[in-house]
Amino acid sequence: MITTIDGALFAKMVIHGSACINAQKQHINELNVFPVPDGDTGTNMSMTIGTAAEELGKKPCDTVGQAASVTANALLRGARGNSGVILSLLFRGFAKAVKDKETIDGRDLAIALDFGVAAAYKAVMKPAEGTILTVSRMAAAAAAAAAREDAGAEHVLDEAIQAGLIALDDTINQNPVLKKAGVVDSGGKGFLVILQGMMDELRGLPLPEGAAAVERKEKADFEAFSTEEITFGYCTEFICARDTKKDPEALRGFLSALGDSLVVVDDDDIIKVHVHTDHPGKVLEEALTYGALQTVKVENMRNQHTEILAEDAGVRKIAPPEKKYGVVAVAAGAGLAAVFRDLGVDGIISGGQTMNPATEDILRQIDATPAEVVFVLPNNKNIIMAAEQCIPLAEGKQVVVLPSRTVPQGISALLMMDPETDVETNTQAMTEAMGAVSTAEVTYAARDSEFGGFSIKHGDYMALLNGQLFATERNLDKILRRLAQEDTYRQAEFINIYYGEDVKEPEAEKTLKLFSGLCPGAEITLLSGGQPVYYYMISAE
């Protein structure tokens with residue numbers, strides 16, 4: 001039983017919580033009917049805490065106070081939606097309570113949870129029962145009671161989660177909107193998913209794989225709500241600097257007359273606001289009297305709700321052609337997605353090895369591409385068949401699936417597309433370009449196995465060259481050196497090295513130097529791919 005938490009462990013707990021809600025965000029989206037049935041709570045909470053996970057991954061934190069401060073600051077600037085803002089407040093109050101702490105025990109944890117609840121209730125203009133506020137309050141109360149009996153951190157957090165689950169089940173009885181939909185509160189659910197993820201890290205459990213949710217699926221009936229039931233049409237969020245001496249409480253009063261779901265966070269240097277209103281222009285004009293706007297987001301919630309109803313009814317939205325050619329590509333990781341976008345790809349589908357998108361996911365991007373002809377780049381052999389199923393399903397567009405098996409093949413094909421030539425000529429040129437690319441993928445073995453004449457042990461690094469197992473090593477540098485000495489790379493004119501999210505930049509620079517020394521005739525480019533599966537993806541042409 002873990003009794004105390006230090007800075008490094010707390011950072012890992014937040015990262016674990018982020019991974020868990022990211023895995024279950026769609027399930028939480030499907031519960032989202034309050035305060036507005038726009039189906040985005042899971043996404044907003046996941047993206048909000050994801051900013052903290054990203055920041056915590058960049059820098060070590062020696063104390064809990066430092067880790068909590070980094071978390072709170074990232075959440076405040078990255079908060080999306082009402083649920084995301086409240087989540088940021090819960091962690092902001094927590095951070096204030098532990099700001100001078102090197103480590104915390106169960107008593108400190110209980111106090112910090114209570115500080116978080118107080119911060120959230122203070123900022124929300126009209127707190128409603130049966131929401132994330134209720135769940136967090138009941139969890140904090142249980143933590144305080146548990147700490148009086150046993151001050152161990154694991155014990156206190158477990159009691160908080162158990163009380164939160166009971167409170168979550170009761171939200172359906174506390175909130176008429178939830179009762180009408182027959183679901184529990186999505187924000188409360190998201191908060192408990194994060195707490196459970198933090199507990200899993202405390203207990204040494206592994207991160208969730210992919211986006212597979214382990215809980216039973218439930219979905220709110222969005223048809224039970226008409227679009228006209230949404231009182232205020234625009235979800236308006238902004239951060240403005242505190243450049244004047246005007247009291248943010250006056251801003252709170254001004255905004256309360258223009259809408260609802262109001263949250264005002266008054267920080268030392270900035271003011272963060274979330275409000276539902278019919279007059280976003282008036283809101284932003286008033287905000288400018290307090291200071292310069294740093295970020296602004298305005299979303300039409302009625303449109304969001306209408307789109308959800310259309311999706312539930314199976315209505316497809318097909319973009320009319322505005323150009324001759326369009327491209328849809330599959331890529332895993334923000335870095336690879338950015339490369340494709342820079343090259344003019346219209347639609348990116350998140351996926352790759354172990355994350356194969358469904359035909360429906362690909363078809364949705366094809367429908368959204370405003371072109372007469374849409375080239376699809378699967379970039380993985382296990383996705384080609386799913387992509388080909390879209391050809392007869394596409395309406396009003398010609399679909400050409402190019403059988404790219406790797407991301408570098410897809411990039412090479414894309415570079416050969418000529419907007420002025422015909423489909424057949426483009427298809428031939430792009431296919432030939434794919435054939436000129438060799439790709440190595442460097443990853444690690446998740447278990448012991450025998451494959452292709454190799455005896456592979458758990459944790460071994462593996463290199464696959466053009467889909468075939470090339471080598472295994474216990475040492476990453478050794479396997480990279482063996483690849484660089486292979487004729488495929490020594491004779492290449494161009495080498496692109498994409499490094500994954502597990503690789504730090506200094507390590508990637510070291511790999512670049514290795515290939516530069518052993519492949520002196522090649523022009524070598526180093527790119528952050530961000531793909532979650534591979535340590536490296538290395539192409540040669």
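The exercises below, each with a worked solution, concern a predicted model of a protein chain.

**Exercise 1. The chain as a whole**

Find how many helices and strands there are in the protein chain, and what percentage of its residues is buried.

*Solution.* Begin with the elements: the protein chain holds 21 helices and 16 strands. Next turn to burial, where 54% of the 541 residues are found to be buried. Finally, consider the contacts with a separation of 6 or more, of which 72% are between residues 24 or more positions apart.

**Exercise 2. How α1 packs on α2**

Describe how helix α1 and helix α2 pack, giving the angle, the handedness of the crossing and the classes of the residues in contact.

*Solution.* First locate the two helices, since α1 covers residues 7-29 and α2 covers residues 41-58, and then read off their geometry: an angle of about 160 degrees, with the axes 8 Å apart. Because angles over 145 degrees count as roughly antiparallel, α1 is roughly antiparallel to α2. The crossing of these two helices is left-handed. Among the residues of α1 in this contact are Ala11, Val14, Ile15 and Ser18, and they belong to a set that meets residues of α2 including Met45, Ile49, Ala52 and Leu56. Sorted by class, the contact of α1 with α2 has 10 nonpolar, 9 polar and 1 charged residues.

**Exercise 3. How α17 packs on α18**

Carry out the analysis for helix α17 (residues 407-415) and helix α18 (residues 423-435).

*Solution.* The angle between α17 and α18 is about 140 degrees, and their axes lie 8 Å apart. The crossing of α17 with α18 is right-handed. On the α17 side the contact is made by Gln409, Ser412, Ala413 and Leu414, while α18 contributes Met430, Ala433 and Met434. By class, these residues are 5 nonpolar and 2 polar, with no charged residue.

**Exercise 4. The span of α7**

Check whether the end-to-end distance of helix α7 (residues 153-174) agrees with its number of residues.

*Solution.* Helix α7 has 22 residues, so at 1.5 Å a residue it should span 32 Å, and the 30 Å between its end C-alpha atoms agrees with this. Several residues of α7 are buried, including Val156, Leu157, Ala160, Ile161, Ala163 and Gly164.

**Exercise 5. Positive phi angles**

Place Ser261 and Asn379 in the structure, and state the phi of each.

*Solution.* Recall that most residues other than glycine have a negative phi. Ser261, which is not a glycine, nevertheless has a positive phi of about 50 degrees, and Ser261 is found in strand β2 (residues 259-266). Asn379 also has a positive phi, of about 60 degrees, and lies in the loop between β7 and α15. With a relative accessible area of 6%, Asn379 is buried.

Notes
Residues are numbered from 1 along each chain as its sequence is written. This is a predicted model: local features need pLDDT of at least 70, side-chain atom pairs count only at pLDDT 80 or more; totals for chains, interfaces and linings use all residues. Side-chain values use heavy atoms; hydrogens and water are left out. Axes are lines fitted to C-alpha atoms, for helices over the stretch in contact, and angles run from 0 to 180 degrees between N-to-C directions. Helices (H or I, at least four residues) and strands (E, at least two) are DSSP runs, numbered from the N terminus. Angles under 35 degrees count as roughly parallel, over 145 as roughly antiparallel, 65 to 115 as roughly perpendicular and the rest as oblique. A crossing is left-handed if the near helix is turned anticlockwise from the far one by less than a right angle, and right-handed if clockwise. Contact means heavy atoms within 4.5 Å. Ala, Val, Leu, Ile, Met, Phe, Trp, Tyr, Cys and Pro count as nonpolar, Asp, Glu, Lys and Arg as charged, and the others, Gly among them, as polar. The expected span of a helix is 1.5 Å times one less than its number of residues. Buried means under 20% relative accessible area, exposed over 50%, partly exposed in between (1.4 Å probe, protein chains only).
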